[in-house]
Amino acid sequence: MTSHNFMNPVNKPDAFEAKALDKIRSGHLSEYYEVLPDSFRYARTLYEKASCLACHASAASAPKDVTERYGVEHGYGFKEGEVAGIISVRLPIRSFWKVAYSVVGPIQIALLVSAFLVAILFIQFAVVRPLRKLTLAAERISVGQAADLGVDRIHRKSGNEVHQLILAVERLRASLMLAIKRVGRRPEPPA
Ligand code: HEC
């Protein structure tokens with residue numbers, strides 16, 4: 001709270017408040033605000049009411065303890081309805097990244113990055129590599145070559161989908177071999 005005619009020197013207006021008082025008094029405004037580089041400042045006008053004049057009208061009519069404490073020079077001479085001063089607030093403005101960084105610190109970022117790395121490594125080793133091997137094996141089988149699917153190392157009831165796919169390819173390979181054998185044995189149809 002401050003005024004152009006302040007009673008207590010501690011309430012002396014700062015640069016923004018001085019400007020706000022000036023604009024409010026010359027333009028008869030009820031409020032004034034500015035967006036500064038680091039903050040939003042807002043000032044609201046205070047008007048003298050009849051009740052205020054007990055202390056702010058004149059030093060002669062003001063209570064003794066007020067004049068004793070604050071002297072007889074400043075903060076008096078107001079009339080009802082006049083601008084008494086302003087009450088102002090300051091809201092700090094922080095950049096989006098500063099706020100974001102204060103919520104999500106370096107530890108959280110590190111955790112997030114490592115979670116991604118773990119996920120990528122898992123997909124690489126548990127899915128991509130086995131599928132690549134299986135593709136190569138299936139290609140060999142398709143041209144009648146022997147291929148090691150690594151079936152011996154897989155449990156028949158494994159819950160792993162890639163394992164089940166390998167087992168299915170192995171069954172396909174076995175039926176294919178049987179079919180080829182049968183076709184090979186079939187006697188030539190008589191001419
Ligand atoms: C009982 C006496 C009294 C009354 C009534 C009173 N004031 Fe004050 N006012 C003071 C004193 C004393 C100060 C200095 C206070 C301090 O130390 O900050 C002051 C400070 C102020 C200030 C801050 C600037 C300055 O002068 O230091 C404003 C603005 C103000 N008063 C407005 C008003 C308004 C508006 C009213 C009526 C709604 C009012 N006052 C009623 C005694 C009074």
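Helices here are DSSP runs of at least four residues, numbered from the N terminus. Keep that in mind as we walk through this predicted model.

Let's start with the big picture. The protein chain splits into domain 1, covering 9-93, and domain 2, covering 99-185. Go from the centre of one domain to the centre of the other, using C-alpha atoms, and you cross 77 Å.

Now look for the ligand. Around it sit 20 residues, and the ones that come nearest are Met-7, Asn-11, Cys-52, Cys-55 and Gly-85. Which helix gives the most to this shell? That's H2, with 3 residues. Helix H2 spans 53-56, and it has company: helix H3 (64-70) and strand S3 (83-92) also supply at least two residues each. As for the chemistry of the shell, you'll find 10 nonpolar residues, 8 polar ones and 2 charged ones.

Next, turn to helix H1, which runs over residues 15-27. Its 13 residues reach 18 Å from the first C-alpha to the last, close to the 18 Å expected at 1.5 Å a residue. Which residues of H1 are buried? They are Glu-17, Ala-20, Leu-21 and Ile-24. These residues cover an arc of only 100 degrees around the axis, so they end up on the same side of H1. The spacing helps you see the pattern: an α-helix has 3.6 residues a turn, so residues three or four places apart point the same way.

What do the buried residues of H1 pack against? Their partners are strand S1 (31-35), strand S2 (39-47) and S3. Flip to the other side of H1 and you meet Ala-15, Ser-26 and Gly-27, which are exposed. Just after H1, His-28 takes a positive phi of about 50 degrees.

Technical notes:
Residues numbered from 1 in each chain as written. Predicted model: local features only at pLDDT ≥ 70, side-chain atom pairs only at ≥ 80, totals over all residues. Domains from an automatic or database assignment. Near = placed C-beta within 6 Å. Nonpolar A, V, L, I, M, F, W, Y, C, P; charged D, E, K, R; others polar. Expected span 1.5 Å × (residues − 1). Buried ≥ 20, exposed ≤ 12 C-beta atoms within 10 Å, placed from the backbone. Arc of directions from axis to C-beta. Contact = placed C-beta atoms within 7 Å.
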